[in-house]
Amino acid sequence: MPAELVQDLAVMTRIAFSLVALVLAFSAAAVDLTDAQRAEIEERIHPVGEVCLQGDTDCGGAAASVASGPRSGEDVYNSACMACHATGAGGAPVVGDIAAWADRIAKGTEALHLAGVNGVPGTGMIAKGGCMSCSDEEIHAAVDYMVAGSQ
Ligand code: HEC
């Protein structure tokens, strides 16, 4: 073992023993404290910071922010649908391509909403376009947004 390492270990051992001795000394002394002394010590050594969980107003935290409501159809489209519906990937009808959408729009809003949520079996149109965190309402809004831009 290199000499410094041996020395370091010796120092660390000594520190460790001193700590143990210190803790023992304190715990022995603690037995004789009065409640007032104990309270005083607790006050002196109480942590500087306190963990205040979000939404816990007891400790001065702000009330939990209310979920900011559903994402707009445009937001959902941009994050979950555009990859296919802006490019036509996998045969997806491109938003803005009126001819590609005419027959689909003719099926009615409800059918398109259902297709958005459940997908179109056997095609690249997977359920919710793969956006599993999207609510049905958000998918409906995205479909409406796509339809509005394609007629
Ligand atoms: C991985 C590619 C892909 C993604 C992502 C995708 N789509 Fe599609 N989508 C398709 C394809 C391919 C079709 C055409 C299916 C077919 O042949 O009828 C389609 C068709 C549709 C249709 C028409 C269905 C019908 O019955 O005519 C709607 C509505 C639609 N998608 C909505 C969405 C929405 C909303 C999203 C995002 C939440 C989305 N799509 C994301 C590939 C995708």
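What follows is a chat between a trainee and a mentor about a predicted model of a protein with a ligand.

Trainee: Let's start simple. How many helices and how many strands are in the protein?

Mentor: Read the elements from the N terminus on and you get α-α-α-α-α-α. There's no β in that run, and the count of strands is 0. So the tally, going by DSSP runs, is 6 helices and 0 strands.

Trainee: What share of the residues count as buried?

Mentor: For a residue to be buried, 20 or more other C-beta atoms must lie within 10 Å of its own. The protein has 151 residues, and the share that passes this test is 15%.

Trainee: Now the ligand. Which helix gives the largest share of the shell around the ligand?

Mentor: Three helices each supply at least two residues of that shell: α3 (73-85), α5 (109-118) and α6 (136-148). The largest share is 6 residues. The helix behind that share is α3.

Trainee: Which residues come nearest to the ligand?

Mentor: There are 27 residues around the ligand. By kind, they divide into 17 nonpolar, 8 polar and 2 charged. The ones that come nearest are C81, C84, A115, M125 and G129.

Trainee: Back to α3. Where is the kink in α3 centred?

Mentor: Start with the length: a straight helix of 13 residues would span 18 Å, but the end C-alpha atoms of α3 span only 14 Å. There is also a bend to look at, a kink of about 55°. That kink in α3 is centred on S79.

Trainee: And α6, how far apart are its end C-alpha atoms?

Mentor: α6 has 13 residues, and at 1.5 Å a residue they should span 18 Å. The model agrees with that expectation, because the end C-alpha atoms of α6 are apart by 18 Å.

Trainee: Which residues of α3 are buried?

Mentor: Think about what lies over them: the cover on the buried residues of α3 includes α6. It goes the other way too, since what covers the buried residues of α6 includes α3 and α5. In α3, the buried ones are G73, V76, Y77, A80, C81, C84 and H85.

Trainee: Then which residues of α6 are buried?

Mentor: Use the C-beta count again, with 20 or more as the cut-off. In α6, that picks out E138, I139, H140, A141, A142, V143 and M146.

Trainee: Which residues have the most contacts inside the largest nonpolar core?

Mentor: As a rule, nonpolar side chains in soluble globular proteins tend to be buried together. Here the largest nonpolar core has 14 residues. The ones with the most contacts inside it are V76, Y77, A80, C81, I139, A142 and M146. Two helices that each supply at least two residues of this core are α3 and α6.

Trainee: C81 keeps popping up. With which residues is C81 in contact?

Mentor: C81 is among the residues that come nearest to the ligand, and C81 is buried in α3. Leave aside neighbours within four places in sequence, and C81 is in contact with V76, G129, A142 and M146.

Trainee: Let's try α4. How many residues of α4 are buried?

Mentor: Take I98, which is found in helix α4 (residues 98-106). I98 has 10 C-beta neighbours inside 10 Å, so it counts as exposed. α4 lies largely in the open, because of its 9 residues the number buried is 0.

Trainee: Which residues does Q151 touch?

Mentor: Q151 sits in the segment after α6, and Q151 is exposed, with 10 other C-beta atoms within 10 Å. In sequence Q151 and W101 are 50 residues apart, yet C-alpha to C-alpha they are 7.3 Å apart in space. Not counting residues up to four places away in sequence, Q151 touches I98, W101 and I105.

Trainee: Last one: is K128 buried or exposed?

Mentor: You'll find K128 in the loop between α5 and α6. Its phi is near 55°, a positive value in a residue other than glycine. Now count: K128 has 21 other C-beta atoms within 10 Å, so K128 is buried.

Key:
Residues are numbered from 1 along each chain as its sequence is written. This is a predicted model: local features need pLDDT of at least 70, side-chain atom pairs count only at pLDDT 80 or more; totals for chains, interfaces and linings use all residues. A residue is near a molecule or strand if its C-beta atom, placed from the backbone, lies within 6 Å of it. Helices (H or I, at least four residues) and strands (E, at least two) are DSSP runs, numbered from the N terminus. Ala, Val, Leu, Ile, Met, Phe, Trp, Tyr, Cys and Pro count as nonpolar, Asp, Glu, Lys and Arg as charged, and the others, Gly among them, as polar. The expected span of a helix is 1.5 Å times one less than its number of residues. The bend at a residue is the angle between axes fitted to the seven residues ending there and the seven starting there. A residue is buried if 20 or more other C-beta atoms lie within 10 Å of its own, exposed if 12 or fewer, and partly exposed in between; C-beta atoms are placed from the backbone. Two residues are in contact if their C-beta atoms, placed from the backbone, lie within 7 Å. A nonpolar core is a set of buried Ala, Val, Leu, Ile, Met, Phe, Trp, Tyr and Cys residues joined through C-beta atoms within 7 Å.
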